[in-house]
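Here's a quick briefing to keep beside the viewer. Have a look at the model first, then read on.

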Amino acid sequence: TRSTRPQRMLKAVQKNATKGNPQSVISAIDYFCKNSEWAMNVGDEKGSILDSVVTEVNPSTVLELGTYCGYSTVRIARLLSPGTKLITLEFNPAYAAVARQIIAYAGLQDKVTLVEGSSGEWIPQIKERFGITTFDFIFLDHWKDQYLPDIKLFEECGLLRKGSVLLADNVICPGAPDYLEYVRNSPRYESRYYPAHLEYTKLEDGLEKSVFLG
Ligand SMILES: O=c1[nH]cnc2c(O)cc(-c3ccc(F)cc3)c(Cl)c12
Ligand SMILES: [Mg+2]
């Protein structure tokens with residue numbers, strides 16, 4: 001049967017990237033998406049903004065919602081201090097299977113814990129399962145309708161501390177208007193929009209960075 005787009009992306013990484021070299025994996029995926037098939041990775045333009053926020057925060061505890069093929073997982077993990085690990089949640093088992101291989105090809109498997117399941121199911125279990133008290137950095141890149149319920153769940157589960165940084169992809173395209181309204185109007189967050197474009201296109205999109213004020 002015909003391969004899937006994530007499987008073709010993995011083949012492109014294995015063909016064009018250098019094992020153990022995260023930057024070459026990132027470049028190989030961007031090349032594949034620009035020249036062969038569009039795919040919903042955060043991409044190089046928004047990815048550079050992601051890099052700058054991760055570098056600024058220099059987090060000890062990191063959560064990513066929405067692994068897909070692991071492109072942003074690799075972008076984040078390559079910037080973490082030695083000994084720091086990130087947890088990434090993926091609902092789709094086929095995506096998770098490809099992501100594990102792409103993360104391993106980049107040589108970052110020891111810095112990543114990939115969990116298969118839904119954010120709603122897993123967020124309440126994180127403290128006890130992973131010994132986390134609060135997250136320094138959270139990247140929301142799963143399903144737009146889940147952004148708002150999940151940020152409320154973070155608050156309810158006591159997973160945020162004064163200064164926790166949440167960065168959300170796709171707040172314009174496909175768009176998360178209820179999430180934006182919440183973080184921009186809540187007195188508990190300081191929010192800022194980073195304008196950019198939908199990955200590999202000229203369509204408007206951007207990232208929303210929200211700092212929890214406690
Ligand atoms: O579902 C998504 N999760 C995480 N990131 C996503 C993303 O970066 C882009 C898109 C998207 C946007 C426009 C379009 F025409 C088709 C797909 C989606 Cl749908 C997601
Ligand atoms: Mg996205």
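What follows covers the overall fold, one helix, one serine, a metal site and a hairpin.

This is a predicted model, where local features need pLDDT of at least 70, side-chain atom pairs count only at pLDDT 80 or more, and totals for chains, interfaces and linings use all residues; side-chain values use heavy atoms, with hydrogens and water left out. Residues are numbered from 1 along each chain as its sequence is written, while chains are lettered from A and ligands numbered from 1 in the order in which they are written.

**Overall fold**

- The chain has 10 helices and seven strands (DSSP runs, H or I of at least four residues for helices and E of at least two for strands, numbered from the N terminus).
- A compact globule of 214 residues would have a radius of gyration near 17 Å, and the chain agrees at 16 Å (taken over C-alpha atoms; the rule is 2.2 Å times the number of residues to the power 0.38).
- Some 54% of the 214 residues count as buried (buried is under 20% relative accessible area, exposed over 50%, partly exposed in between, with a 1.4 Å probe and protein chains only).
- Among contacts (heavy atoms within 4.5 Å) with a separation of 6 or more, 73% come from residues 24 or more positions apart.

**Helix H1**

- H1 (residues 5–16) has 12 residues, which at 1.5 Å a residue should span 16 Å, and its end C-alpha atoms are indeed 16 Å apart (the expected span is 1.5 Å times one less than the number of residues).
- Pro6, Arg8, Met9, Leu10, Ala12 and Val13 are the buried residues of H1, and they pack against helix H2 (22–35) and helix H5 (93–105).

**Ser72**

- Ser72 sits in helix H4 (residues 71–77) and counts as buried because its relative accessibility is 4%.
- Beyond its neighbours within four places in sequence, Ser72 touches Val42, Leu50, Glu64, Phe139 and Asp141.

**Magnesium site**

- Asp141 (OD), Asp169 (OD) and Asn170 (OD1) are the protein donors of the magnesium ion (ligand 2), at 2.0 to 2.2 Å (donors are N, O and S atoms within 2.8 Å of the metal, or 3.2 Å for Na, K and Ca; water is not among the atoms, so sites may look incomplete).
- The donor residues follow the spacing D-x27-D-N, and both Asp169 and Asn170 are buried.

**The S6–S7 hairpin**

- Strands S6 (residues 189–197) and S7 (residues 204–212) run antiparallel, joined by nine bridges (strands pair if DSSP finds at least two bridges between them).
- Tyr193 faces Glu208 in S7.
- Six residues lie between the strands of this hairpin, where Tyr200 takes a positive phi near 65°.
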